[in-house]
Amino acid sequence: MRIRRTNALLGALLVIGLTFMMYLVMDTINLQLDDVELQKLELGSLEGKLKSLENDLLFNQKTIHQIKETVKEIRQEQSQIREQAKTIRSKGQSAVNKTFASIFKADYEFAQNQPNTCDIRMADVYQELTFDNPDGGVWKQGWDIQYDPIGARDPAQKLQVIIMPHSHNDPGWIKTFEKYYLDQTKHIFDNMVPKLLANPKRKFIWAEISYLSMWWPSQTSETRNNFKKLLNNGQLEIVTGGWVMNDEANTHYTAIIEQLITGHEWLKLNLDGYKPNNGWAIDPFGYTPTMAYLLKRIGFDGMLIQRTHYSVKKHFAHSQDLEFMWRQHWDHEDTTDMMTHMMPFYSYDIPHTCGPDPKICCQFDFDRLPGGIAGCPWRIPPKPITDANVAERSRTLLDQYRKKASLYKSNVVLIPLGDDFRYDTAREWDRQFENYEKIIDYINQTPELNAEVQFGTLEDYFSALRDASKAKTGTETGLLKSLSGDFFTYADRDDHYWSGYFTSRPFYKNLDRVLAGWLRSAEILYSIMWAEMEYVGSDVMAVAEPLMENLMIGRQSLALFQHHDGITGTAKNHVVDDYGARMLQSIQGLQEVIAGAAHYLLTPSKSFYKAPDKDSIFFDLDENRASHSSEATPSILQIGSQQEKSKVVIFNSHARRRSEIVSIRVSLPNIRVYKVTNIEGEDEEEPIPCQLSPVFDDQGQILNSEYQLTFLAQVKGLGLHSYYIQQLRQEDGRNTDMDVATIRIHNSAKHPFQVAPFSEVSVLQQGEPFDLQNGYVQAHFDANGILQAWTNLDEKQKSEMKLDFIIYGTRKSGDKSGAYLFLPDGPSKVMKVESPVVRVIQGKILSYVEVFLPFCRHIVALKSSPGEDGTGLQIENHVDIARYNNFEIAMRLSSDIKSGQEFLTDLNGFQMMRRQRMDKIPLQANFYPVASMAYIEDETSRMTLISAQPLGGSSMAPGQIEIMLDRRLMQDDNRGLFQGVTDNHVTPHVFYLLLERKLGNCQDEAKDPQASYPSLLASQMRHTLLNPMKRLLWVGKNHAIDGFSKSYEPLEKDIPCDIHVVNLRTMQKTAIKTEPGDESALIVHRQGFNGCYKPVGMTCSTNGGKISLEELFPELYSSSVNQMSLSLLYDGLKVEKGFTVSIKPMEIYSFLLKR
């Protein structure tokens, strides 16, 4: 160990220089970790003293004295640790080496400094709003708009009208993605090209690249060239350019980036590098500033939103602030400002976009003429425009335009002209354009009307707006105020808050995160494999191409599900099944990518690598699903004879070393676990402490053919490491490195059969309170196995931490909860837990309690790990509510934290937002999306709940966090789905619970009404939960195990704690083939964090956001690197690989690496 080597050196120096001997006896406890890691913290000060001692050792008696004193201190510390370890071991736990990250002093400052103040903060707006809903007349949620008719004739105030035809195409909702394409979207494209070519003044916009990619391959060269011509001359604009128009509540920022890159990469390869410039989001149910940030960093100039709370629309319309510069609430400058247009009225359909009176606007939807789609609900149908009525019709419509324009500050008004799947017939193209062309000609040729009308795109509108602002203020954005905050929770009328979809179909929300984790791991391993092939000078295309195809399918499946009727859980049952089948197929394909890449990377002689047979299987990825609607089940690693060894390879997709507890199923109990370490050129087996736990069948019997093996895995960044499992020989005796878990069953009279090597099961007919603990936490449970309190072992401080399951019903009459809406029948009710069967499994490495409730299988686990996974509690809920009707279930955690009315939820896993529980709005309005994290805090403590899946959440009382788990609703909520939510499945939920104490004398984060930051530990634990280490079980031929490398470690240096590798993504080479290109996108994100919480369980450090790609990949990729815009649309600086890049907190950077 390091301390022994240091003391030996010191003794030698003293004997030679002073004929003086100092002794040191250290009795360290075996922490079952690498020795260097064990002593890392205690020896920091001693090593510093020894360095100075080397220069003046013979003469500096004072220094020697200090060393002796230091040794005494260390002895005392070791004695304390020894006593703590004895206490821990006496309770059946394994002691852990407690570490914490080193934080660069300047990295505290970002959270401590106040963000740049905006003109409008949504937190202030929500406090100001009364949220009343008086009848506003024809604009029911507004007022009777009037304008000055004399001012309307002022030539300086000439109205500029941009009519923007569009068609909103959902990639799945009532019909499946492909069915919509065949029935409607294909016909929109087929008519788009000839109808726009017929008149160069006609314009159109398109958003969803998923549909365009389906239509494009079957088109002739002439059609493709004409399509490109329309793009180049500005008649056609592609807006946003993502694979879909993504939801903004449940989506994770990494998946949003992926769906944008997938769409933009398609545009680059197929449309000669076409670059979208504006965002278009008319249908997501609420809006996140994360989207504004991502579009800004992509290089966009403007964006448009629609579905915001009707009171917010009215408030901004009164002050003419419906257009603003949307700034991130954490921005210390103004570099994130995004020009944003908010539509003012109820919907994006034609009746609600020409002006405040839908009865009039509907008369100008000319596809509602006889023979078209359904007529106008207001029973006044459109009329074809003729010479006889064009004057009256034009003046009537222009009056609506002027009223709408009065809600904005400029004299430019945008008039969207479209709806869902419109323009799918040649008839509609003709009716809309020909009738509007007559109106446009009349208005433009009548000077007294003082207006100029034209068809336009979103780019045309924003260009005109910037020109108008510059004319009035001298700058392109001078007219617009800055705004920060978000637009949740959305209500479209009355108290109809769309907080239900935060939780609807939670099984598939969970599957989304699972798919994202598999895709990220597959992307990274594939990219490293592809770079290695270049490095050794031999591309194995028989491996690379089929795996690349699997990657592309996975990308598109994940991107498709980000659609605002996909991950939201708001599609028809058969459409949800279609999404699920695509995701399952993709997961299986991505597992093949990981297995294939790992096989290549662990091959010692890569230059001579031969592609395996297609039927060859080397690794099982330890996750199996019978169908897209079933929970994952683990594989069983078959243990061979005593002469054979089995192997599991662990992959760490993080770019820093990880030490985490992993569990696998094995077929035999009498085994040992070891890894192979090379010491001075010789391979030596290093025993790994492990734990054996029981596996139960459905009847509660312990299986004798299957066991859970748990051990600590330590893997370097982006590395693969092999662990070996081998059956013990009879002469080996008992494995002293294996702990066998004890088993207790409460509230049961059923005694399972005893199975070796487990001791007799303790069965209690009546439960009793009990505790479980690891190195950091002692958890206190009641007799029903439900968490009641938490003791932080470092501070010896006990805190209330009461867990309850609560339920909501729905209203008995009138509008009721459905897929979109949450309309509860009142406050929640606590589900009574009455003597459920409780299993308590206790071991030195893993302990957990499993509670069998009528609606849920509830598990709380504590891991004795030195890593982040050993710092809190892991909670699993396997929820099954199929037997209930109009039933919504949530998990509530109640603590003694004095959080008042405030709680915090994350936005897309990217940033946190402070929330205020408000009594002036209904219960359902106080629920917000929890994409991955929520916390409450007071002056001394913070309780953080990290979620592996997106759900709705709130804090309905001080000290509480509640998170929805599932909802089963028997009726439609009248938002177009025409069904309830009744396709519930047994749904797994995984959470991680942290309780952190603020450090004394630490300057806390700035008190801002919106901005806050997770702790460094919480941020890292979120990555751990979303991207667990992958387990590759060897299923190839046993004799081939020794022919592979024990590990693969591409990184030379860990990246800083606060920087996360979002992706390492190989780009596609051409539009035609699934051949990988020579470029890979490295995307990294630097998380802002609150440094007032000790980052325990971490061994990394921060350094001011500096990262060197040369240190990250010393051998892979060429020396030239391009910094890019976020989705790789625009080239940035070209830098050398050895150049150190400084990333600002919260920012995401993209680099293009060439192999």
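This short presentation concerns helix 7 and two of the helices that pack against it in a predicted model.

Good morning, colleagues. Let me begin with helix 9, which covers residues 221-232. Helix 9 has twelve residues, and the distance from its first C-alpha to its last is 16 Å, close to the 16 Å expected at 1.5 Å a residue. Its buried residues are Thr223, Asn226, Phe227, Lys228, Leu230 and Leu231. What do these buried residues of helix 9 pack against? Their partners are helix 7, helix 8 (209-215), strand 4 (236-238) and helix 10 (253-270). Just after helix 9, Gly234 has a positive phi of about 85°.

I turn now to the first pairing. Helix 7, residues 177-197, and helix 9 have axes that come within 10 Å and cross at roughly 60°. The two helices are therefore oblique to each other, and their crossing is left-handed. From helix 7, the contact involves Met192, Val193, Leu196 and Leu197; from helix 9, it involves Thr223, Asn226, Phe227, Lys229 and Leu230. By class, these residues are six nonpolar, two polar and one charged.

The second pairing joins helix 7 to helix 15, residues 426-444. Here the axes lie 9 Å apart, and the packing angle is about 40°, which makes helix 7 oblique to helix 15. Which hand does the crossing of helix 7 and helix 15 have, left or right? The crossing is right-handed. Ile188, Asn191, Met192, Lys195 and Leu196 of helix 7 meet Ala426, Trp429, Asp430 and Phe433 of helix 15. This contact comprises six nonpolar residues, one polar and two charged.

In closing, I note that Met192 and Leu196 of helix 7 take part in both contacts. Thank you.

Methods: Residues are numbered from 1 along each chain as its sequence is written. This is a predicted model: local features need pLDDT of at least 70, side-chain atom pairs count only at pLDDT 80 or more; totals for chains, interfaces and linings use all residues. Side-chain values use heavy atoms; hydrogens and water are left out. Axes are lines fitted to C-alpha atoms, for helices over the stretch in contact, and angles run from 0 to 180 degrees between N-to-C directions. Helices (H or I, at least four residues) and strands (E, at least two) are DSSP runs, numbered from the N terminus. Angles under 35 degrees count as roughly parallel, over 145 as roughly antiparallel, 65 to 115 as roughly perpendicular and the rest as oblique. A crossing is left-handed if the near helix is turned anticlockwise from the far one by less than a right angle, and right-handed if clockwise. Contact means heavy atoms within 4.5 Å. Ala, Val, Leu, Ile, Met, Phe, Trp, Tyr, Cys and Pro count as nonpolar, Asp, Glu, Lys and Arg as charged, and the others, Gly among them, as polar. The expected span of a helix is 1.5 Å times one less than its number of residues. Buried means under 20% relative accessible area, exposed over 50%, partly exposed in between (1.4 Å probe, protein chains only).
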